[in-house]
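Me: I've got a model open here and I'd like to go through its salt bridges and cavities with you. Can we take it one question at a time?

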Amino acid sequence: VATISCRVKNSDDSVIQLLNPNRQTIYFRDFRPLKDSRFQLVNFSNSELRVSLTNVSISDEGRYFCQLYTDPPQEIYTTITVLVPPRNLVIDIQKEIAVEGEEIELNCTAMASRPATTIRWFKGNKELTGKSEVEQWSDMYTVTSQLLLKVGREDDGVPVICLVDHPAVKDLQTQRYLEVMYKPQVRVSQNYPVQGLTREGEPLELTCAAFGKPQPTDMRWLRVDDEMPQHVVVSGSNLLISNLNKTDNGTYRCEASNAVGKSHADYMLFVYDTTATTEPAVHDSRAGEEGSIRTVDHAVVGGVVAVVVFAMLCLLIILGRYFARHKGTYFTHEAKGADDAADADTAIINAEGGQNNSEEKKEYFI
């Protein structure tokens, strides 16, 4: 509904009329010559002519004139702009089900809007950038935005949202949920012993867990670079060794597969003596990577500390000998009897005689 008002200040009872963009008279005072029932009189007085227009369409857009029959006549206009929100908002996805690592194409189309809409993309709460194309049909615009998206397993079940910015509509959006297939994630855990060492003669129980989409259907245990010991019992996802011995040392692998691919996780077993007191090994069971055992050997640590202490002592001894240099104290006396000599030769002779009584040089060794 559009409302058009013609207001007059200091009215002198002059005639007021309202004209449409085609200069046709809609109302002359309170009379409607135009046979269009969508125009209805809201208020009429000497100072105002107010008219409402219902069910506005694009054809109603343009300038509307208010005329006042004075001498000379007066005229003023207002402009009506008609906005058209998009009729349909649709997301088309290239592949309903995508595989991890693939790039998929999504297209969002906003049809028959005026002016052209602005389309924005979101994956969850993160805004993405698309590429838009605008087509004009008569006075209407259709906008299509294309989004290329490389999907991962973390995108499974995440909504992709197409949102429209348009002055005639607020919060208009549509969304599609991504469905992503990915190969299994595999993890091996040690059920027994829970935290202790894997000692000779004791049992060992491992469990393999695998998650993927679709859910893994094939799961198996094997021993890397060697045959599986005959006394090992494999039951579904569990591996049990009831009586550990040194020959069981090695890497045990759990493999799982689905329609997308295959993954594995490794467990490295080291069997200790029954008297071992070393801290328990830490097993790395990340999928596709060989696990490793990191043990803390106190004997090795003690040896390293002893070597460091010995090296420090040797360094102190070398430094001590370097600074303990030989030091001496010397006492000298000037030649006696040389002062009264008549010439240099006499002075030397007298000096030599005088040195016989001088105190000998003394040395002190520290």
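Reply: Sure, and keep in mind that this is a predicted model. Let's begin with one salt bridge: the side chains of Glu75 and Arg23 meet, with N to O at 2.9 Å.

Me: How many residues apart in sequence are the parts that Glu75 and Arg23 tie together?

Reply: Glu75 sits in strand S7, which covers residues 74-80. Arg23 is in the loop between strand S2 (16-19) and strand S3 (25-28). The pair therefore ties together parts of the chain whose separation in sequence is 52 residues.

Me: Are Glu75 and Arg23 buried, partly exposed or exposed?

Reply: Buried would need under 20% relative accessible area, and exposed would need over 50%. Glu75 comes out at 42%, and Arg23 at 41%. Both values fall in between, so Glu75 and Arg23 count as partly exposed.

Me: What about Asp156: which residue does its side chain meet in a salt bridge?

Reply: Asp156 lies in the loop between strand S14 (140-150) and strand S15 (159-166), and its partner is in strand S18 (residues 204-213), so the pair ties together parts 57 residues apart in sequence. Asp156 has a relative accessible area of 25%, which makes it partly exposed. The salt bridge is 2.9 Å from N to O, and the partner is Lys213.

Me: How far apart are the closest N and O atoms of Glu179 and Lys213?

Reply: Glu179 is in the loop between strand S16 (169-177) and strand S17 (180-192), while Lys213 is in strand S18, 34 residues apart. Glu179 is partly exposed at 32% relative accessibility, and Lys213 is partly exposed at 23%. A salt bridge needs a nitrogen within 4 Å of a carboxyl oxygen. Glu179 and Lys213 do form one, with the closest N and O atoms at 3.9 Å.

Me: How many salt bridges does the structure hold?

Reply: We've gone through some of them, including Glu75 with Arg23 and Asp156 with Lys213. For the structure, the count of salt bridges is 18.

Me: Now the cavities. Which classes of residue line the largest cavity, and how many of each?

Reply: The structure has two cavities of 30 Å³ or more, and the largest holds about 40 Å³ of space. Its lining is made up of Asp13, Ser14, Val15, Ile16, Arg29, Phe44, Ser45 and Asn46. By class, that gives three nonpolar, three polar and two charged residues.

Me: And how many polar residues are in the lining of the second largest cavity?

Reply: The second largest cavity has a volume of about 30 Å³. Among the residues lining it are Ile93, Lys95, Glu96, Leu178 and Glu179. Seven of the lining residues are nonpolar and three are charged, and the number of polar ones is zero, that is, no polar residues.

Me: One last residue, Tyr141. What is the distance between its C-alpha atom and that of Pro86?

Reply: Tyr141 is in strand S14, and at 23% relative accessibility it counts as partly exposed. Leaving aside neighbours within four places in sequence, its contacts include Ala110, Arg114, Pro115, Val134 and Gln136. Tyr141 and Pro86 are 55 residues apart along the chain, and their C-alpha atoms are separated by 8.7 Å.

Terms used. Residues are numbered from 1 along each chain as its sequence is written. This is a predicted model: local features need pLDDT of at least 70, side-chain atom pairs count only at pLDDT 80 or more; totals for chains, interfaces and linings use all residues. Side-chain values use heavy atoms; hydrogens and water are left out. On a 1 Å grid over the protein atoms alone, a cavity is a set of points where a 1.4 Å probe fits but cannot get out, and a pocket is an open set with protein on both sides within 12 Å along at least five of seven lines; lining residues have an atom within 4 Å of a point. Grid points are joined across faces, edges and corners, and a volume is the space filled by probe spheres set on the points. Ala, Val, Leu, Ile, Met, Phe, Trp, Tyr, Cys and Pro count as nonpolar, Asp, Glu, Lys and Arg as charged, and the others, Gly among them, as polar. Helices (H or I, at least four residues) and strands (E, at least two) are DSSP runs, numbered from the N terminus. Buried means under 20% relative accessible area, exposed over 50%, partly exposed in between (1.4 Å probe, protein chains only). Contact means heavy atoms within 4.5 Å.
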